[in-house]
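Colleague: I'm new to reading structures like this one. Could you walk me through the empty spaces inside, and then a couple of residues?

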Amino acid sequence: MFAPRTTPWPLVALFTAGYLAPYLLPTTVGRLDSDLPLSATQAGAVGSALLLSSAAAGFALASRVERAGARTLARLGLALALLGYGGAALTTAIPAVIAGAMIGGFGSGTATTVAATLIAGQKDPHRASTAGLLTVSALAGAVYLTVPHLGPGHGLPLAAIALTALAVWPLTGRLPAGTPVTPTRHGKARLPHTRSGLLLAAAMVCWSLAQNSLWGVSGRIGLEQAHLGEATVGVVFALGLGAGLAGVLAAGALGARLGRALPIGGGTVLIAACIALSASATDLGSFAAGEIAWNTLYPVVLSYLIGLAASLDPRGRWAVLVGSASSLGTAAGPLTGSVLSAQAGFPVMGAVLGAGLLVISLPMTAVALHTGGRPLLPGAIRRRGGHPAALVAAATGTPTGAVPEIGAPEQPVVEIPVEAAAAPAQRDYDKAGSEVF
């Protein structure tokens with residue numbers, strides 16, 4: 001069991017193994033295009049198939065982690081990632097590469113599902129997700145710096161993902177065999193915050209599609225439009241991921257001081273500008289500026305979105321479902337970016353994606369405002385299902401910080417029978433004090 005104030009490193013490692021494939025997407029797609037008889041659009045379609053398989057794992061397993069056991073599913077996911085990506089790295093047969101990428105993608109999605117479910121049950125899910133994003137950014141940056149110097153071949157980035165899964169396997173022994181199920185009066189608990197969760201999931205499809213439409217063709221923008229070499233592009237990506245580390249550290253230090261609405265809404269608007277800048281880059285300066293700024297902001301906003309999804313349900317179901325919806329958008333990203341850039345050019349692609357992000361920033365900000373919550377004060381009892389706890393706080397002088405916030409995950413209310421003589425009239429009551437307890 002993890003200490004309440006200790007970073008759950010096994011979960012962070014599992015999170016890293018699941019998220020590494022999307023982070024390495026540009027070099028994976030780029031090498032499939034350059035080293036195999038595939039066009040740019042076909043290579044993007046292979047990347048989309050990988051990520052679509054990852055999303056399918058999330059939808060299939062969102063409600064099964066508790067029954068199957070976190071440790072068992074984590075090991076299954078890592079095994080599939082090792083076999084799938086490893087097999088795809090060792091062959092040049094196109095059908096085998098596609099099959100291996102999809103098997104590995106399902107393994108990555110399984111690992112991510114388990115990690116998201118357990119992170120949502122932590123006392124501070126934002127801290128755990130921030131640590132995961134830091135780790136995966138650092139590892140991906142190291143791969144981008146290393147792979148160009150190891151020679152050509154489509155298998156190098158795939159092998160890096162497979163070896164990461166192998167390295168994380170021993171840590172799964174510290175995961176719980178099963179996650180506790182919160183008992184409810186009617187057995188199976190319903191999903192709380194249904195409308196907010198569905199709206200967030202729908203917005204995340206579009207948000208992730210825009211991010212990965214750029215990310216999937218960023219390598220081609222650097223090589224073809226900015227006329228840079230692969231090593232230079234790799235250095236830019238590594239610097240961008242390093243800047244992302246700084247951004248995530250800042251987000252972790254800032255925590256919830258600004259709430260979630262401002263980082264999510266304002267950050268998405270800034271990301272839209274970065275995508276437009278990067279897509280229109282014609283030299284090293286503009287390409288580096290756009291990519292580094294985008295990589296700085298993207299994981300920051302993502303960390304708040306993960307925390308927002310986790311806050312909707314302490315059992316982690318919305319975290320998994322929203323993450324899987326995000327994976328759907330991520331899966332469509334490489335193909336969307338390839339088609340848009342082939343039909344209209346990179347600058348127009350960037351303008352279209354940026355405009356789309358400006359539109360979807362509104363519903364995401366609305367969800368963050370609606371579920372972000374404010375301290376519950378006496379006389380302002382509005383939280384659905386929280387009336388008993390709120391009334392006790394209002395009557396007994398309990399500090400307001402101990403009362404759940406508006407929109408926070410529902411807390412079970414335990415009724416405790418108290419034997420006491422009935423008072424004859426309301427006027428005989430005085431204001432209760434803490435000595436009642």
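Modeller: Sure, one bit of vocabulary to begin: Ala, Val, Leu, Ile, Met, Phe, Trp, Tyr, Cys and Pro count as nonpolar, Asp, Glu, Lys and Arg as charged, and the others, Gly among them, as polar. Also, this is a predicted model, where local features need pLDDT of at least 70 and side-chain atom pairs count only at pLDDT 80 or more, while totals for chains, interfaces and linings use all residues. Residues are numbered from 1 along each chain as its sequence is written, and side-chain values use heavy atoms, with hydrogens and water left out.

Colleague: How many cavities does a search of the whole structure find?

Modeller: The general idea is that rolling a probe the size of a water molecule over the atoms shows where empty space is left. A cavity is a set of points, on a 1 Å grid over the protein atoms alone, where a 1.4 Å probe fits but cannot get out; lining residues have an atom within 4 Å of a point. Grid points are joined across faces, edges and corners, and the volume is the space filled by probe spheres set on the points. Here, the search finds five cavities of 30 Å³ or more, and the largest has a volume of about 560 Å³.

Colleague: Which residues lie nearest the centre of the largest cavity?

Modeller: Tyr19, Thr112, Gly323, Ser326 and Ser327, out of 35 lining residues. Helices are DSSP runs (H or I, at least four residues), numbered from the N terminus, and those giving two or more residues to this lining include helix 1 (9–23), helix 6 (94–120) and helix 13 (317–344). By class, the lining has 21 nonpolar, 14 polar and no charged residues.

Colleague: Why does the largest cavity lie between domain 1 and domain 2?

Modeller: Domain bounds come from an automatic or database domain assignment. Domain 1 (9–180) and domain 2 (192–374 + 386–397) both give residues to the lining, so the cavity lies between them.

Colleague: Now single residues: is Ser196 buried or exposed?

Modeller: Buried means under 20% relative accessible area, exposed over 50%, partly exposed in between (1.4 Å probe, protein chains only). Ser196, in helix 9, has 10% relative accessibility, so it counts as buried. Leu245, in helix 10 (residues 230–254), is partly exposed at 23%.

Colleague: What is Leu245 in contact with, leaving aside its neighbours within four places in sequence?

Modeller: Contact means heavy atoms within 4.5 Å. On that basis, Leu245 meets Leu134, Ser137 and Ala138. Ser196, with residues up to four places away not counted, touches Val367, His370 and Thr371.

Methods. 1 Å grid on protein atoms, 1.4 Å probe; cavity = no way out; pocket = protein on both sides within 12 Å on 5 of 7 lines; lining within 4 Å.
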